[in-house]
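User: Hey, I've got a protein open here and I'm a bit lost. Can you walk me through it?

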Amino acid sequence: MRWNEIGEVDCSVARALSVVGDRWTLLVLRDAFLGVRRFEDFRANTGASRPLLTERLATLVEHGVLRRVRYQERPERYEYRLTEKGVGLYPVIVSLLAWGDRWMTGDDGPPVRLRHATCGHTMTPELACPDCGETIDPRDVRPRLRAAPDLDADVAPDLDHDADHDADSRASRATSRARPVNS
């Protein structure tokens, strides 16, 4: 399969990657969530060349992730704003941020901290079940494939399943959920 055909695959991840699946696009989205709106600011922050940035912004506009809004008539200039579809990518960006903070941060610590506007606490967002509120990881979820003959049959992921790790992990997640980090 060629990369330009990935959007035709019957897979939500593959289709999403056909729109946002390269590093430059993710950096543009990062900046959009940080409030960047203008081409030159995206260019300065990402280091992308003009042609590359033009292409990435056009793709995001074409797929309804960003919209172009004219802010100046002469010369005609536009800024780029997140749409509802674009805002839907926020969990992706903050998940990458959390992963990078955990696994890729240098000695100075994370370069960006997220503060919850309502309570004022610095936090790291986590995936949680919308029904019970329990924080989840891949060991806690059983995907159900639409194409499976029995739609109630779970697909058990082949993960390193360690009962001691599961208990420790759940306890650690419950503890971290109960103790927000103050700043």
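**A quick tour**

Analyst: Sure! Let's start with one residue: Trp 103 sits in helix α6, which covers residues 90-103. Keep in mind that this is a predicted model.

User: Okay, is Trp 103 buried or exposed?

Analyst: Trp 103 is exposed, because its relative accessible area is 54% and the cut-off for exposed is over 50%.

User: Which residues form a nonpolar patch on the surface?

Analyst: That patch is made of Trp 99, Trp 103 and Met 104. Together they have about 420 Å² of accessible area.

User: And what does the protein expose overall?

Analyst: About 13400 Å², with carbon and sulfur atoms supplying 52% of that. As for the inside, buried residues make up 20% of the 183 residues.

User: Switching topic: how many helices and strands are there?

Analyst: Seven helices and four strands. Going from the N terminus, the order is α-α-α-α-β-β-α-α-β-β-α.

User: In what sense do β1 and β2 pair?

Analyst: They're antiparallel, with six bridges between β1 (residues 66-72) and β2 (residues 77-82). A hairpin of four residues links β1 to β2.

User: What stands opposite Arg 67 there?

Analyst: Another arginine! Arg 81, in β2, is the residue facing Arg 67.

User: Last one: what share of the contacts links residues far apart in the sequence?

Analyst: If you take the contacts with a separation of 6 or more, 36% of them are between residues 24 or more positions apart.

Technical notes:
Residues numbered from 1 in each chain as written. Predicted model: local features only at pLDDT ≥ 70, side-chain atom pairs only at ≥ 80, totals over all residues. Heavy atoms only, no water. Pairing = 2+ DSSP bridges. Helix = DSSP H or I, 4+ residues; strand = E, 2+ residues; numbered from the N terminus. Patch = residues over 30% accessible without salt bridge, like charges linked within 9 Å, V, L, I, M, F, W, Y side chains within 5 Å. Areas by Shrake-Rupley, 256 points an atom, 1.4 Å probe, with all protein chains shown as cover. Salt bridge = Lys/Arg side-chain N within 4 Å of Asp/Glu carboxyl O. Buried < 20%, exposed > 50% of the residue type's maximum accessible area, 1.4 Å probe, protein only. Contact = heavy atoms within 4.5 Å.
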